[in-house]
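Visitor: Could you take me through one part of this model up close? I'd like the place where the two chains meet, with the cut-offs spelled out.

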Amino acid sequence: MTNDRDPRLMALFESAAVVAEDNEFVTRVMADIDGARRRTVIGWIVAGLLLTPLVWWLSGPVTDTLVVVGELLPDSLFTIEQEMVAELLAPVNSVAGVAGLLFLGIWRLYRKLTH
Amino acid sequence: MQTDHYTGSAEALLVGLARKGDRDAFAELLRRRQAWVRTLMLRCCNNTTLADDLAQQAFTQAWQKIPQLRRVSRFAPWLKRLAINEWLQHVRKRDPLTNAEDTDLPSQRSDSADVGMDLDQALAQLKDHVRLCIVLSYHEGMTHDEIADFTGIALGTVKSHIRRGTARLQEILAAYDQTSTKENSS
């Protein structure tokens with residue numbers, strides 16, 4: 001069968017009544033949308049209020065961890081005797097360098113998988 | 001609903017604004033497209049209340065998802081897909097035993113819908129997926145390939161649904177013609 005349509009049915013579909021425009025419908029949908037938006041905002045506020053004590057409780061350990069990580073990042077991985085070579089390799093010869101390369105690798109892998 | 005300042009604006013512009021969260025632009029799109037979506041849903045389910053509910057859900061989904069719409073020129077087919085998905089979800093959730101309860105009784109229709117009543121009642125006698133293919137083909141003017149792509153139904157099945165649906169509608173309408181001829185002559 002091709003895409004040909006029965007002419008009598010076509011005529012019937014063309015002459016069939018269509019739903020008339022209705023402002024009440026528009027008002028109802030927009031009220032529904034506004035309600036959903038309000039519920040989302042309230043949800044975020046409630047979630048924020050509930051998370052505040054958790055954040056306060058975790059802030060101490062998180063700050064301590066960040067300080068330790070901050071101190072660790074510039075540490076060299078290998079001791080290089082020659083000063084010039086040490087300076088050239090400084091960007092990669094550190095915890096921060098390795099972490100940066102690792103993040104770059106993960107990002108490129110993610111891009112490859114998702115595009 | 002006050003969206004007067006957008007009356008006459010191009011749809012692509014309205015879609016672009018709605019994507020950025022302009023509520024009034026979306027309201028204008030809704031005003032322009034409501035009759036089309038509600039009629040499409042009515043052809044699919046033959047129940048005015050249900051058709052309006054499904055159309056409302058489709059428009060609510062559209063507002064939530066419109067930032068993800070990449071090409072503003074594709075708004076109409078995208079909206080149609082949302083509406084059809086809403087109807088398909090409704091069909092999946094519905095108990096097959098209550099299928100018949102979905103449709104309006106003839107007396108529940110307003111007089112203004114009399115012209116379309118025979119068609120919608122005839123469509124209601126088709127199986128859900130057959131009706132969907134018929135509506136997309138005849139009401140929306142989509143080709144078989146487009147319907148297959150749009151609904152995810154295999155092309156062969158689409159063709160067979162349309163062939164069977166057309167034959168069934170012809171039978172129903174022929175029977176209706178015979179009845180009305182007898183009524184008119186008596």
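Guide: Sure, let's start with a salt bridge: the side chains of R38(B) and D22(A) meet with an N to O distance of 3.9 Å. The rule here asks for a side-chain nitrogen of Lys or Arg within 4 Å of a carboxyl oxygen of Asp or Glu. Across the interface of chain A and chain B, that rule finds four salt bridges.

A word on the ground rules: this is a predicted model, where local features need pLDDT of at least 70 and side-chain atom pairs count only at pLDDT 80 or more, while totals for chains, interfaces and linings use all residues. Residues are numbered from 1 along each chain as its sequence is written, chains are lettered from A in the order in which they are written, and side-chain values use heavy atoms, with hydrogens and water left out.

Now the wider interface. Chain A brings 30 residues to the contact and chain B brings 42, contact meaning heavy atoms within 4.5 Å. The buried area comes to about 3400 Å², with 64% of that from carbon and sulfur atoms; this is the accessible area (1.4 Å probe) that two parts lose on being put together, summed over both.

Chain A is split into domain 1 (1-72) and domain 2 (75-115), with bounds from an automatic or database domain assignment. The C-alpha centres of those two domains of chain A lie 41 Å apart.
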